[in-house]
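The following exercises are to be worked with the sequence and the three-dimensional structure at hand. Each task is followed by a solution in steps.

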Amino acid sequence: MNMIETKGLTKIFGELKVFENIDVHVKKGEVLVIIGPSGSGKSTFLRCLNHLETPNGGHVAIEEETLDSTNKKHLRKVIEKMGMVFQNFNLFPHMTVLQNVMEAPITVKKENKEIVIERAKKLIDKVGLSEKFSEYPSKLSGGQKQRVAIARALCMEPDIMLFDEPTSALDPELVGEVLNVMKNLAKEGMTMIVVTHEMGFAREVADRVIFMDGGKIVEQGTPEDIFKNPKEQRTKVFLQKIL
Amino acid sequence: MDFNTLAGIVPILLKASVMTLKLTFLSVVFGTIIGVIVAMVKISSNKFIASIGNFYTWIFRGTPLLLQLFVFYYGFPAVGITLTSMQAAIIGLSINSGAYMAEIIRGGILAIDKGQFEASKALGFTYYQTMKRIVLPQAFRIVIPPVGNEFIAMIKDTSLVSSIAMEELLRSAGLLVSASGNPIGPYLITACLYLLMTTVFTSIFSSIERKLSIY
């Protein structure tokens with residue numbers, strides 16, 4: 001079964017075609033990494049998957065359920081299956097680490113508080129922040145914030161995790177701790193779509209790499225294919241610049 | 001003015017201060033409730049709904065509070081609605097304060113980073129849940145200083161209801177002046193009482209601000 005499927009997905013901002021006719025399939029447990037120059041449409045594509053941006057054409061299906069932006073209730077239900085991690089963390093600054101992680105399951109899913117606390121604590125422990133339960137986000141480093149953000153998304157027990165340049169806002173020495181959490185997640189079999197500039201991560205963790213440029217998928221394949229034997233000239237140029 | 005007269009007027013003015021505080025408190029509470037609702041209406045993406053909110057602030061910020069009080073108290077009986085001076089005072093002050101509060105709260109909401117809305121949406125929050133759990137609690141901290149201002153202004157604005165026969169602090173002072181023939185004593189004491197109230201509330205708001213700055 002395809003966990004995610006897009007068909008003819010298109011996004012236009014005014015005059016600007018961000019991307020057009022994108023078809024992507026992601027299987028259960030697959031880690032898909034999307035790379036490409038800035039402005040290639042990769043982040044917007046990711047944001048269309050959970051309808052943070054409403055696509056102008058084509059459709060997105062999650063576990064074979066099509067997202068329908070006119071049916072808000074159904075849309076929210078489907079979106080719940082995807083956890084999202086943002087470049088700028090977007091933690092809730094007025095809540096402690098534990099409250100951040102607990103909030104959505106209690107408010108959105110109306111889960112039992114005791115059960116959620118238990119799960120939230122385990123997740124915070126898993127990302128290595130059990131000492132920080134009652135800290136506010138402002139007291140954390142960027143890497144710690146991002147790990148809390150990952151725990152927050154996981155506490156909703158998603159089937160799919162979307163990462164939108166999760167390490168781009170971090171100081172270089174903090175990138176590793178976030179990538180490690182993501183690697184572990186991949187090992188546990190989480191289905192993941194990751195937009196990133198971390199080529200090391202893409203090589204090591206990705207099952208498949210997509211290279212996007214100018215709103216199109218230029219090339220896709222295993223990390224081996226893309227990084228060692230890129231077929232397209234544009235891919236070669238991009239990789240030469242970045243590696 | 002001898003000590004005996006002074007001792008006589010202070011309790012009267014203190015009692016009137018209680019009425020001033022009561023009016024201030026009720027108007028700010030109702031004004032805040034109105035303000036939150038009107039602010040939500042004003043930020044609606046539906047242009048028609050938003051224009052209702054804009055109309056409200058346009059009217060009540062754009063005309064004098066004293067005139068609004070006259071309309072509620074002296075004008076409404078003409079269309080069959082008779083309000084006591086207390087009712088007219090609270091309605092007038094609340095509606096007027098609501099117009100200012102709406103702008104303050106709207107500003108607070110607009111100051112919240114759009115990433116907060118996105119994170120909430122990605123987690124499956126409804127619009128209402130996002131507002132209640134994420135946006136308004138953060139906006140609350142931002143609006144504390146201007147709400148403090150509004151509260152202080154309201155303490156003084158309540159004096160306007162003396163013109164619709166409400167016995168609050170300023171009116172009591174006026175009556176004491178007429179009765180005693182001493183124009184300076186009651187007014188000075190009254191000024192001190194207003195200063196005392198505004199000072200107390202200024203420090204209360206500063207301490208709320210400090211308490212909320214934990215994050």
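**Exercise 1.** Which side chains meet in a salt bridge (2.6 Å, N to O)?

*Solution.* Some conventions come first. This is a predicted model, in which local features need pLDDT of at least 70, side-chain atom pairs count only at pLDDT 80 or more, and totals for chains, interfaces and linings use all residues. Residues are numbered from 1 along each chain as its sequence is written, chains are lettered from A and ligands numbered from 1 in the order in which they are written, and side-chain values use heavy atoms, with hydrogens and water left out.

Step 1. Apply the criterion: a side-chain nitrogen of Lys or Arg within 4 Å of a carboxyl oxygen of Asp or Glu.

Step 2. The pair sought is R47(A) and E118(B), with 2.6 Å from N to O.

Step 3. Between chain A and chain B the count of salt bridges is two.

**Exercise 2.** Describe the interface of chain A and chain B by its contacts, its area and its elements.

*Solution.* Step 1. With contact taken as heavy atoms within 4.5 Å, 27 residues of chain A touch 19 residues of chain B.

Step 2. The two chains bury about 2000 Å² between them, and 62% of this lies on carbon and sulfur atoms. Buried area is the accessible area (1.4 Å probe) that two parts lose on being put together, summed over both. R76(A), F92(A) and H94(A) supply 26% of the area that chain A buries against chain B, more than any other three residues.

Step 3. Eight residue pairs across the interface are in polar contact, both residues being at pLDDT 80 or more. Such a contact is a pair of N or O atoms within 3.5 Å; within protein, one must be able to donate a hydrogen and the other to accept it, and residues adjacent in sequence count only if both atoms are side-chain atoms.

Step 4. Helices (H or I, at least four residues) and strands (E, at least two) are DSSP runs, numbered from the N terminus. On the side of chain A that touches chain B, at least two residues each come from α2 (72-79), β6 (82-85), α3 (97-107) and α5 (142-154) of chain A. The largest share, three residues, is that of α3(A).

Step 5. For the partner, chain B has eight helices and zero strands.

**Exercise 3.** In what order do the strands of the four-stranded open sheet of chain A lie, and which of them stand at the edges?

*Solution.* Step 1. The order is β2-β1-β4-β5, with antiparallel pairing; two strands pair if DSSP finds at least two bridges between them.

Step 2. β2 (16-27) and β5 (65-66) of chain A are the edge strands: each has a single partner strand, so one side of each is left without a neighbour in the sheet.

Step 3. Five bridges join β1 (residues 2-13) and β4 (residues 57-62) of chain A. Within this pairing, T10(A) has G57(A) as its bridge partner, and T6(A) has V60(A).

Step 4. Two bridges link β4(A) to β5(A), with A61(A) opposite T66(A). Their hairpin has two residues between the strands, and E63(A) takes a positive phi near 45 degrees there.

**Exercise 4.** How are the six strands of the other open sheet of chain A ordered?

*Solution.* Step 1. The order is β6-β7-β8-β3-β9-β10, and the pairing is mixed.

Step 2. At the edges stand β6 and β10 (216-221) of chain A, each with a single partner strand, so one side of each is left without a neighbour in the sheet.

Step 3. β9 (residues 208-213) of chain A pairs with β10(A) in the antiparallel sense over five bridges. There, V209(A) has G221(A) as its bridge partner.
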